[in-house]
Amino acid sequence: MTSIAIDRTDGLSSATAVKGPCRCATTANIALSGLQTIDGVVLVADDRVLVLAQTDATTNGVYVVAIGPWRRSPDFEGNRDVRKGTSVFVTDGTTLANQEYIVTTPNPVRIGTDNITLIQKPT
């Protein structure tokens, strides 16, 4: 049986199938730093954001907002954290609220090397 570790800082599971929800998702390329408004959501430090639309798709994924540079979320930062089919739910936003996104990048997904593509889950 596979064990699932819980990150004590962020309270996130290490499971690859479903990630913790994100507050919002991007609709365009963004700077991965600072407090900003994305899809109508005014972000605060420690919010989770699903980054979908970077010009450099190797930087797509789940990030934790900070006043300075953002960091990849602990459940989306390593090569064992993400697989084709991994899903992420978005809770808020003007256009992307209440949507689920699925990683379509072929396995193995190498964070920081491979282009990470996520599509809206078909209903």
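This passage describes the fold, cores, strand pairing and selected residues of a predicted model of one protein chain.

The mean pLDDT of the protein chain is 89, and 87% of its residues reach 70 or more. Residues 1–13 have a pLDDT below 50, and in the model this stretch makes 18 contacts beyond near neighbours in sequence. The secondary structure of the protein chain consists of 11 strands, with zero helices. Read from the N terminus, the order of elements is therefore β-β-β-β-β-β-β-β-β-β-β, where a strand is a DSSP run of at least two residues.

Of the 123 residues in the protein chain, 43% count as buried. The accessible surface of the chain comes to about 6600 Å², and carbon and sulfur atoms account for 53% of this surface. When contacts between residues at least 6 apart in sequence are considered, 51% of them join residues at least 24 apart.

In soluble globular proteins, nonpolar side chains tend to be buried together. In the present model, the largest nonpolar core has 16 residues. Within this core, the residues with the most contacts are Leu50, Leu52, Phe76, Tyr101 and Leu118. Two elements, β9 (87–90) and β10 (99–103), give two or more residues to the core. Apart from this core lies another, which has 10 residues, including Ile38, Leu43, Tyr63 and Val65. The surroundings of Leu52 can be listed in the model. With residues up to four places away in sequence left out, Leu52 touches Ala25, Thr26, Asn60, Leu96, Tyr101 and Leu118. Tyr101 and Leu118 are thus named both as neighbours of Leu52 and among the residues with the most contacts inside the largest core.

The pairing of strands was examined next. An open sheet of four strands has the order β3-β6-β7-β8, and its pairing is mixed. The edge strands of this sheet are β3 (24–25) and β8 (71–72), each of which pairs on one side only. Strand β7 (residues 61–64) is joined to β8 by two bridges, and these strands run antiparallel. In this pair, Tyr63 has Arg72 of β8 as its bridge partner. Tyr63 is also one of the residues of the 10-residue core.

Antiparallel pairing is also found further along the chain. Four bridges join β9 to β10, and the two strands run antiparallel. Across this pair, Phe89 has Glu100 in β10 as its bridge partner. On the other pairing of β10, three bridges link this strand to β11 (residues 118–120), again in an antiparallel arrangement. Here Tyr101 is bridged to Gln120 in β11. Strand β10 is mostly covered, with four of its five residues buried.

Two residues of the four-stranded sheet were considered individually. Arg48 is found in strand β6. Its relative accessibility is 11%, so Arg48 counts as buried, the limit for this class being under 20%. The side chain of Arg48 is joined to that of Ser73 by a polar contact of 2.6 Å. Arg71, by contrast, lies in strand β8. Because its relative accessibility is 36%, Arg71 counts as partly exposed, a class that lies between the limits of 20% and 50%. Arg71 and Arg48 are 23 residues apart in sequence, and their C-alpha atoms are 10.0 Å apart in space.

Residues in loops were treated in the same way. Gln54 lies in the loop between β6 and β7. Gln54 counts as buried because its relative accessibility is 10%. A polar contact of 3.5 Å joins the side chain of Gln54 to that of Asn29. Not counting residues up to four places away in sequence, Gln54 touches Ala28, Asn29, Ile30, Leu32, Thr59 and Asn60. Asn60 is therefore a neighbour of Gln54 as well as of Leu52, contact here meaning heavy atoms within 4.5 Å.

Val44 is placed in the loop between β5 (41–42) and β6 (48–51). With a relative accessibility of 46%, Val44 counts as partly exposed. Beyond residues up to four places away in sequence, Val44 touches Arg23, Leu35 and Val65. Of these neighbours, Val65 is among the residues of the 10-residue core. Val44 and Gly34 are 10 residues apart in sequence, with a C-alpha to C-alpha distance of 9.1 Å.

Technical notes: Residues are numbered from 1 along each chain as its sequence is written. This is a predicted model: local features need pLDDT of at least 70, side-chain atom pairs count only at pLDDT 80 or more; totals for chains, interfaces and linings use all residues. Side-chain values use heavy atoms; hydrogens and water are left out. Buried means under 20% relative accessible area, exposed over 50%, partly exposed in between (1.4 Å probe, protein chains only). Accessible areas come from the Shrake-Rupley method with a 1.4 Å probe; for residues, only the protein chains shown count as cover. A nonpolar core is a set of buried Ala, Val, Leu, Ile, Met, Phe, Trp, Tyr and Cys residues joined through side-chain atoms within 4.5 Å. pLDDT is the predictor's confidence in each residue, from 0 to 100. Two strands pair if DSSP finds at least two bridges between them. A polar contact is a pair of N or O atoms within 3.5 Å; within protein, one must be able to donate a hydrogen and the other to accept it, and residues adjacent in sequence count only if both atoms are side-chain atoms.
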